[in-house]
Amino acid sequence: MDVDIVKIVVVGAGTMGSGIAQALAEGGYSVGLADLDLRRAEQGMSIIRSRLDRRAAAGRMSVQDKEELISRITPLSGPEDWVDAGLFVEAASERETVKQTVFRQLDAVAPDPAILASNTSAISITRLAAATGRPERFIGMHFMNPAHLMKLVEVIPGLRTAPETVSAVTAVCRRMGKEPVVVADAPGFVANRLLMPVINEAIGALQEGLASREDIDTVAKLGANHPMGPLELADFIGLDICLEILETLHAELGERFLPAPLLRRMVAAGKLGRKSGEGFYEYR
Ligand code: NAD
């Protein structure tokens, strides 16, 4: 059965979930934002609010438009608060066991026609879909960071995803003003298959003392025209997320994706990048 998607729940209100919720609201959807509890969902909401406050203060949006946009997003105590949503987008941790738990719970509460989507960076969509009873209505929606600004969404059908699910999700992307690109269900899809080796090599170069962190980033920016250096970008993504992605690529594609030892040490030390206040750079 086709669903007319009007309401969308985003599960996980962190870096990505808050950006995805904002992008969906900008596309005119009614958005429920859920996390482990209401307090965390409200934290995600305040990140969105302060971004929009800055946009309005800079004159790039009217105060009325800002308030209307904010009113389209509702923090929830859990996804079960909005079971009538047509689409649930999971943006929780990159741990597969966490995602499976979330999807089992969503599968139990969401009505039959609802589509379940994961914003995973690298985990197999087919495998995540198998944790649910609706693999034909399960799909990958891989947003880029920051999700409210970046145009690309990788759309990843699993081996049992129905064509109607692909077209429904592609239409949601377009309504948000995004450019959906359909890619195959393979480790890291295309974006992280290309990006993670660059980040991992930059960390390896830093570890081997080839150059300072700033100089490594400058080489990528001035030498390859990258808008951000790979170490800055790793801090922006989150070093824990980079490590989880590389672990998946390494397990499935072999030695060339072995995470740099320095990355493991940074994560063990709690230096996770911007979100923890320190990574390769300091953000205090
Ligand atoms: P994050 O750590 O900033 O946020 C994760 C949020 O999920 C946290 O608020 C956490 O409390 C919540 N959460 C954890 N377990 C949950 C559960 N069981 N139910 C509900 N909420 C739960 O992480 P992030 O960077 O936003 O990454 C989220 C997902 O998006 C990951 O799969 C990641 O690979 C993917 N992703 C990240 C980036 C990036 O640049 N950070 C880019 C694309 C995709």
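Visitor: Which residues are linked with Asp53 in a network of salt bridges?
Guide: In this predicted model, Asp53 is linked with Lys66 and Glu67 in that network.

Visitor: How far apart are N and O in the pair of aspartate 53 and lysine 66?
Guide: Their side chains meet at 2.8 Å or less, to be exact 2.7 Å from N to O. Aspartate 53 sits in helix 2 (residues 38-57) and lysine 66 in helix 3 (residues 63-71), so this salt bridge ties together parts 13 residues apart in sequence.

Visitor: And is lysine 66 buried or exposed?
Guide: Lysine 66 is buried, at 10% relative accessible area, while aspartate 53 is partly exposed at 32%.

Visitor: What does arginine 127 form a salt bridge with?
Guide: Glutamate 96, with the closest N and O atoms 2.8 Å apart. Arginine 127 belongs to helix 5 (residues 125-129) and glutamate 96 to helix 4, so the pair joins parts that are 31 residues apart in sequence.

Visitor: How many salt bridges does the count come to?
Guide: The count is 19.

Visitor: Switching to the ligand: how many residues surround it, and which are the closest?
Guide: There are 24 around the ligand, and the closest are Asp35, Glu94, Lys99, Ser121 and Ile237. Polar side-chain atoms of aspartate 35 and glutamate 94 each lie 2.6 Å from a ligand oxygen atom.

Visitor: How much of the ligand does the protein bury?
Guide: The protein buries 85% of the 830 Å² that the ligand exposes when taken alone.

Visitor: Which helix gives the most to the shell?
Guide: Helix 4, with three residues. Domain 1 (7-182) and domain 2 (192-275) each supply at least three residues to the shell.

Methods:
Residues numbered from 1 in each chain as written. Predicted model: local features only at pLDDT ≥ 70, side-chain atom pairs only at ≥ 80, totals over all residues. Heavy atoms only, no water. Near = heavy atom within 4 Å. Polar contact = N/O pair within 3.5 Å; in protein donor to acceptor, adjacent residues only side chain to side chain. Areas by Shrake-Rupley, 256 points an atom, 1.4 Å probe, with all protein chains shown as cover. Helix = DSSP H or I, 4+ residues; strand = E, 2+ residues; numbered from the N terminus. Domains from an automatic or database assignment. Salt bridge = Lys/Arg side-chain N within 4 Å of Asp/Glu carboxyl O. Buried < 20%, exposed > 50% of the residue type's maximum accessible area, 1.4 Å probe, protein only.
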